[in-house]
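Trainee: Please take me closely through one part of this structure, beginning with a single pair of residues and working outwards. I should like the backbone, the side chains and the surroundings treated together.

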Amino acid sequence: MRLLQEYLDFFHDEHIVLDDLSKKKNAPQTSTETPKAEPEEEISSKSISPDIFYIKISSFGYENIAPFKELIEKNKEKIESSKGLIIDVRNNGGGTDDVYQPLLPYILTNPIRIMSVEFFATQTLVNGLRDYAIKNIKQDSLNEVKRIDEDLREYRENIGKFVLYGDKKVIIDTIVLNKKSPQQVIILANRNVASSAENFLFSSRQSKKVKIMGTPSMGALDYGSIREFKFGCDNYQLLLPTYRSTRLPQYPIDNIGIQPDIYLDESISDWIDFAVRYINE
């Protein structure tokens, strides 16, 4: 295991994961007598002042799609009427871009450029995409299955090659902006921000009213969409990325990170307070 991990570490890619399943199976059970600490809320919001609204989201996991959309809808008037909006994504390791979509109409000022990706076509990828699509069709329809198979035809015909997702390397995304929105948007980010959370930073920073404060993010965005690959050893689970960004090789982010507009050094202990004072100045 140690040698395998040393080999994988050579690539410096947070989307390459090797798990020892035997350790998980044999891990000692925790005592039920010891009270567990209450888990920290992944999604929360509050009015810091009549002019400033604060939103915290520490995970873009799939399970947060509906709750986050509900939070935005519930606080729509407060967000619209606020002078400043603080979005705290510190320690957000990513998940899916679908979670943060409801925020974009409030924080963007213009269309944004989104770089597409190239999938490395393998049979594992094809099988995984097909299984996922079939599980999500509403009914057992042969026409739907045929459509799914047709969508995957290009991957099947190019096994061992990179296949561009869509027909363009750069997509201009014209988000319908909300008529009322905050004048200033501060996004707090630290070293533990990764993957789709970095994608959020990458998109948001294209807005003329957004400032990213904190430290450089982790740098785990060049490769993604991890999937399990079988390699003949049932005691281990190997997860590998299946696409690379079309930013490469000109604009790498892995192991570099998204750079903040305003760096917050160690002397600043309360980042939220700093953001509030910045908005009010």
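Mentor: In this predicted model, E118 has L164 of strand 7 as its bridge partner. That pair belongs to the link between strand 6, residues 117–120, and strand 7, which run antiparallel and are joined by three bridges. These two strands are part of an open sheet of four strands, ordered 7-6-14-11, with antiparallel pairing. Its edges are strand 7 (162–164) and strand 11 (223–224), each of which pairs on one side only.

From this sheet one may turn to the loop between strand 14 (243–245) and strand 15 (262–263), where R247 is placed. Is R247 buried or exposed? R247 counts as buried because its relative accessibility is 5%, and the cut-off for burial is under 20%. A polar atom of the R247 side chain lies 3.3 Å from the backbone oxygen of L221. Beyond its neighbours within four places in sequence, R247 is in contact with M115, F202, L221, D222, P252 and I253. L221 therefore appears twice in the surroundings of this buried residue, as the owner of the backbone oxygen and in the list of contacts.

The backbone of the loop between strand 14 and strand 15 also deserves attention. P249 lies in it, and the peptide bond from L248 to P249 is cis, with omega near 0°. N255 is in that loop as well, and has a positive phi, near 65°, although it is not a glycine. Most residues other than glycine have a negative phi, and most peptide bonds are trans. N255 counts as partly exposed because its relative accessibility is 45%.

A positive phi is found again in S225, a residue other than glycine, with a value near 55°. S225 is placed in the loop between strand 11 and strand 12 (227–229). With a relative accessibility of 31%, S225 counts as partly exposed.

The second largest pocket comes next. Its volume is about 270 Å³. Thirteen residues line this pocket, and those nearest its centre are D13, Y223, L240, P241 and T242. Y223 belongs to strand 11, an edge strand of the open sheet. By class, the lining comprises nine nonpolar, two polar and two charged residues.

For the last step, consider strand 3, residues 52–57, which runs antiparallel to strand 2, residues 43–49, and is joined to it by six bridges. The hairpin between strand 2 and strand 3 passes through two residues. Among the bridge partners are S47 with F53 and S49 with I52. Strand 3 is also joined to strand 4, residues 84–88, by five bridges, and here the strands run parallel. In strand 4, G84 stands opposite I52, so that I52 has a partner in each of two strands.

In a regular strand the side chains alternate between the two faces of the sheet. In strand 3, I52, Y54 and K56 point to one side and F53, I55 and I57 to the other, and all are buried. Six of the six residues of strand 3 are thus buried, with both faces covered.

Technical notes: Residues numbered from 1 in each chain as written. Predicted model: local features only at pLDDT ≥ 70, side-chain atom pairs only at ≥ 80, totals over all residues. Heavy atoms only, no water. Pairing = 2+ DSSP bridges. 1 Å grid on protein atoms, 1.4 Å probe; cavity = no way out; pocket = protein on both sides within 12 Å on 5 of 7 lines; lining within 4 Å. Points joined across faces, edges and corners; volume = space filled by probe spheres on them. Nonpolar A, V, L, I, M, F, W, Y, C, P; charged D, E, K, R; others polar. Buried < 20%, exposed > 50% of the residue type's maximum accessible area, 1.4 Å probe, protein only. Polar contact = N/O pair within 3.5 Å; in protein donor to acceptor, adjacent residues only side chain to side chain. Contact = heavy atoms within 4.5 Å.
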